[in-house]
Amino acid sequence: MFDSPWLTLLQEHRAIAVVRSPQMELGFQLAKAVAAGGMRLIEITWNSDRAGTLITQLRAELPGCTIGTGTLLTLAQLKEAIAAGAQFLFTPHTEETMIHAAVAAGIPIVPGALSPTEIVRGWQAGADAVKVFPISVVGGAGYIKSLQAPLGNIPLIPTGGVTLENAREFIEAGAVAVGLAGDLFPKQWVEARDWEAIAQRADNLLQSLKSD
């Protein structure tokens with residue numbers, strides 16, 4: 001259906017781990033934990049502690065993973081993220097100037113959108129996929145399914161309400177991949193520094209997304 005290297009990655013792995021951390025060392029451990037569980041697409045949100053430094057470090061220490069960033073709000077942040085080595089870029093909104101800058105730099109960009117108008121606008125501006133966010137407030141997987149008839153040519157990545165329990169429903173509804181943040185990192189496990197439990201949770205997610 002899709003033929004770019006970025007979309008091939010999405011179709012292969014189906015899930016992106018979204019790491020948002022107030023301390024860089026904690027973010028590093030969370031990223032390593034989901035990588036140990038088999039996840040290969042890891043987003044470090046730009047509002048994490050020293051996000052650029054963390055991205056650079058993770059690219060060096062997790063060569064088998066593709067490390068990107070998200071929660072990019074401005075063109076300046078996007079340029080800083082690219083300079084730090086981010087391999088893909090997510091924004092919570094659709095801003096053509098940012099999309100054009102990412103396209104010019106050859107870095108996959110996934111803007112956030114909610115309505116069909118926003119989704120098409122982002123896609124026509126050159127986005128590599130579109131993040132449907134926040135998916136939980138507009139009907140979940142049913143909304144993704146309803147978009148397939150008119151917009152099935154646009155690769156959609158729902159976030160903001162995706163859990164281990166419902167992730168597969170989004171893929172079956174037509175999403176190319178899903179993004180998970182808090183549900184991958186239960187608070188009690190993070191506080192206990194139980195990286196093995198988080199790694200197992202990541203593995204459970206990937207197993208649930210495999211085709212029967």
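Trainee: In which loop is P108 found?

Mentor: In this predicted model, the position of P108 is described by the two elements that flank it, a helix and a strand. The helix is α5 (96-105) and the strand is β5 (109-110), so to place the residue one names the loop between α5 and β5.

Trainee: Is P108 buried or exposed?

Mentor: The relative accessibility of P108 is 15%, and the cut-off for a buried residue is under 20% relative accessible area. Because 15% falls under that cut-off, P108 counts as buried.

Trainee: Which residues is P108 in contact with, leaving aside its neighbours within four places in sequence?

Mentor: One of these partners is F88, which is 20 residues apart from P108 in sequence and 4.9 Å apart in space, C-alpha to C-alpha. With the neighbours within four places left aside, the contacts of P108 are W6, Q87, F88, L89 and D128.

Trainee: How is β1 paired with β2, and over how many bridges?

Mentor: Strand β1 covers residues 15-19, and strand β2 covers residues 41-45. Within this pairing A17 has I42 as its bridge partner in β2, while V18 stands opposite E43. The two strands pair in the parallel sense, over three bridges.

Trainee: In β9, what is the bridge partner of A17?

Mentor: Strand β1 also pairs with strand β9 (residues 178-180), in the parallel sense and over three bridges. A17 has I42 as its bridge partner in β2, and in β9 its bridge partner is L180.

Trainee: Which residues of β1 lie on each side, and are they buried or exposed?

Mentor: Five of the five residues of β1 are buried, and the strand is mostly covered. In a regular strand the side chains alternate between the two faces of the sheet. On one side of β1 are A15, A17 and V19, on the other are I16 and V18, and all are buried.

Trainee: Why is β2 largely enclosed by the rest of the structure?

Mentor: On one side of β2 are L41, E43 and T45, and on the other are I42 and I44, with both faces covered. The strand is largely enclosed because, of its five residues, the number buried is five.

Trainee: At what angle do α2 and α10 pack, and is that oblique or roughly parallel?

Mentor: Helix α2 (residues 24-36) and helix α10 (residues 195-209) have their axes 7 Å apart and pack at an angle of about 45°. Angles under 35 degrees count as roughly parallel and those from 65 to 115 as roughly perpendicular, and therefore α2 at this angle is oblique to α10. The crossing of the two helices is right-handed, and the angle asked for is about 45°.

Trainee: How many nonpolar, polar and charged residues are in the contact of α2 with α10?

Mentor: From α2 the contact draws on L26, Q29, L30, A33, V34 and A36, and from α10 on W195, I198, A199 and A202. By class these residues are nine nonpolar, one polar and no charged.

Trainee: Is R201 buried or exposed?

Mentor: R201 is found in helix α10, and, not counting residues up to four places away in sequence, it touches L164, D183, L184, P186 and W189. Its relative accessible area is 16%, so R201 is buried.

Trainee: What is the order of the open sheet of three strands, and which are its edge strands?

Mentor: The pairing in this sheet is parallel and the order is β6-β7-β8. Two bridges join β6 to strand β7 (residues 130-132), and A113 has V132 as its bridge partner in β7. Each edge strand pairs on one side only, and these strands are β6 (112-113) and β8 (156-158).

Trainee: Which residues make the contact of α6 with α7?

Mentor: Helix α6 (residues 116-124) lies across β6, β7 and β8, running at about 160° to β7. The axes of α6 and helix α7 (residues 141-151) come within 12 Å and cross at roughly 55°, which means that α6 is oblique to α7. The contact is made by P116, I119 and V120 of α6 and by Y143, L147 and L151 of α7.

Key
Residues are numbered from 1 along each chain as its sequence is written. This is a predicted model: local features need pLDDT of at least 70, side-chain atom pairs count only at pLDDT 80 or more; totals for chains, interfaces and linings use all residues. Side-chain values use heavy atoms; hydrogens and water are left out. Axes are lines fitted to C-alpha atoms, for helices over the stretch in contact, and angles run from 0 to 180 degrees between N-to-C directions. Helices (H or I, at least four residues) and strands (E, at least two) are DSSP runs, numbered from the N terminus. Angles under 35 degrees count as roughly parallel, over 145 as roughly antiparallel, 65 to 115 as roughly perpendicular and the rest as oblique. A crossing is left-handed if the near helix is turned anticlockwise from the far one by less than a right angle, and right-handed if clockwise. Contact means heavy atoms within 4.5 Å. Ala, Val, Leu, Ile, Met, Phe, Trp, Tyr, Cys and Pro count as nonpolar, Asp, Glu, Lys and Arg as charged, and the others, Gly among them, as polar. Buried means under 20% relative accessible area, exposed over 50%, partly exposed in between (1.4 Å probe, protein chains only). Two strands pair if DSSP finds at least two bridges between them.
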